[in-house]
Amino acid sequence: MTKMFRCKFLAHGLYIHYDCFRHCHLSIHSPNERNNNYIIPYTGPQDKIDWEKVFEIKNSRVKSMREGDIPPFCKGCHWIEEFDETSDEQYLSDFENYIDMIWLGHSNQCNANCIYCFAYQEILEHRTIKGYDIFPLFKELLDKKIYNLEKNPNAHVSFAMGEPTIMQNFDDIIKTFADGGNKFFALYSNGIHFSKMTEKVLAMPDVEINVVISLDAGSREVFKKVKKVDKFDTVCENIKKYAAAANKPKGLGVKYIIIPDINDTKEEIDRWLDICINKLNVKYLIADIEEHWFVQKHGEVPEYIKDLLRYIRQRCLDANIDFEFYDRALVLHL
Ligand code: SF4
């Protein structure tokens, strides 16, 4: 029986970066290979996109992965699925030419300086990457049905770099896709700026938005160490308003990224849990481990951090709160 491999994002994902298209925004286990997660250059509406080439590259990667030649930037990624040649499902739609997952990473504008930020290097080097006008690209994606809601009604738009709610035209981006029939959005926000559009979409019955705010602290002091801005109280107020607006259990998630030597104590986690559950009325919590540290340690996580992660999960179970481990914590199989 021959083992085969696939990744739904390699087949149908599009990360719109500020200077190129990539297959996804991840490569979390191969950070040194991240730049090889690359499809074609794209720097704005002046660039004509050769979609045939985009899908030719994708199809060739999909074919190699199926045959066991995993791209280096995918090695170790938890999104890789295994199947075999006798499986009923052969995932032949992986070779069809459409996109059903978009990550927006064309701007890194932000109002915080989180010490673990994915965009940190770009922020250090460029401070703010000047985002280009992304609407001609959206129009093309929707008009040509490259972003194809008929092929996949669960297609997803995710904001993947910078602070989306301060992005110029944030409201219009949501509106463009919602008007085009898109139902699923993922929004990773630091919660410093309150977005009325986000509040409105959280309450909509026919749109599923998953807003995730990484609070990472239960106190103002620790928050300042992580985010390098003094906005703990503001973020808590905004979380409370979003939590009140959310009409689905996983509409609003609040995250704790464990960062060794910064927020890795049970006392701080208890403060975070108490605030989220008892004061802000959050119904969905998430835990993860800081990526740069995780990679440096080659994924070898000391027992005390695993215990903290198990502790968060148990407290959520006890409080009847939805809970999830994200990427690094997830692959530990706790
Ligand atoms: S396997 Fe992981 S790194 Fe590779 S395309 Fe899929 S999500 Fe991205």
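Tutor: A helix here is a DSSP run of type H or I with at least four residues, and helices are numbered from the N terminus. The model we are reading is predicted. An example follows directly: just after helix H4, Lys-145 takes a positive phi of about 55°.

Student: Which residues other than glycine have a positive phi near 50° in a loop, and where is that loop?

Tutor: His-298 has a phi near 50°, a positive value, and is not a glycine. His-298 is found in the loop between helix H10 (291-296) and helix H11 (303-318). Its surroundings are sparse in the counted sense: 8 other C-beta atoms lie within 10 Å, so His-298 is exposed. His-333 likewise has a positive phi of about 50° without being a glycine. The place of His-333 is the segment after helix H12 (327-330), and with 7 C-beta neighbours inside 10 Å this residue counts as exposed.

Student: Which residues of H4 are buried, and where around the axis do they lie?

Tutor: In H4 (residues 135-143), the buried residues are Leu-137, Phe-138 and Leu-141. They span an arc of only 100° around the axis, which means that they sit on the same side of H4. The face turned away from that buried side carries the exposed residues Pro-136 and Asp-143. Helix H5 (170-179) is included in what covers the buried residues of H4.

Student: What is the order of the strands in the sheet?

Tutor: Strands of a sheet pair through backbone hydrogen bonds, in either a parallel or an antiparallel sense. In this model an open sheet of ten strands runs in the order S4-S3-S2-S6-S7-S8-S9-S10-S11-S12, with mixed pairing. The edge strands, each paired on one side only, are S4 (40-41) and S12 (322-325). Towards that second edge, strand S11 (residues 284-289) runs parallel to S12 and is joined to it by four bridges; Ala-287 stands opposite Phe-325 in S12.

Student: How many bridges join S6 to S2, and how many to S7?

Tutor: S2 and S6 pair in the parallel sense over five bridges, with Ile-102 in S6 as the bridge partner of Leu-14. S6 also runs parallel to strand S7 (residues 156-159), to which four bridges join it. There, Trp-103 stands opposite Ser-158 in S7.

Student: Why is S6 described as largely enclosed?

Tutor: In a regular strand the side chains alternate between the two faces of the sheet. For S6 (residues 101-105), five of the five residues are buried, so the strand is largely enclosed by the rest of the structure. Both faces are covered: Met-101, Trp-103 and Gly-105 are buried on one side, and Ile-102 and Leu-104 are buried on the other.

Student: How is the protein chain divided into domains, and how many residues are in contact between them?

Tutor: The division gives domain 1 (3-95) and domain 2 (101-330). Between them, 16 residues of domain 1 are in contact with 18 residues of domain 2. On the side of domain 1 that touches domain 2, the elements giving two or more residues are helix H1 (8-12) and strand S2 (13-17). The largest share of that side, five residues, comes from S2. By class, its residues are nine nonpolar, seven polar and no charged. The C-alpha centres of the two domains lie 24 Å apart.

Student: Which residues come nearest to the ligand?

Tutor: Of the twelve residues around the ligand, Cys-7, Cys-24, Cys-74, Cys-77 and Trp-79 come nearest. The shell contains ten nonpolar, two polar and no charged residues.

Terms used:
Residues are numbered from 1 along each chain as its sequence is written. This is a predicted model: local features need pLDDT of at least 70, side-chain atom pairs count only at pLDDT 80 or more; totals for chains, interfaces and linings use all residues. A residue is near a molecule or strand if its C-beta atom, placed from the backbone, lies within 6 Å of it. Ala, Val, Leu, Ile, Met, Phe, Trp, Tyr, Cys and Pro count as nonpolar, Asp, Glu, Lys and Arg as charged, and the others, Gly among them, as polar. Domain bounds come from an automatic or database domain assignment. Two residues are in contact if their C-beta atoms, placed from the backbone, lie within 7 Å. A residue is buried if 20 or more other C-beta atoms lie within 10 Å of its own, exposed if 12 or fewer, and partly exposed in between; C-beta atoms are placed from the backbone. Two strands pair if DSSP finds at least two bridges between them. The arc is that of the directions from the helix axis to the C-beta atoms.
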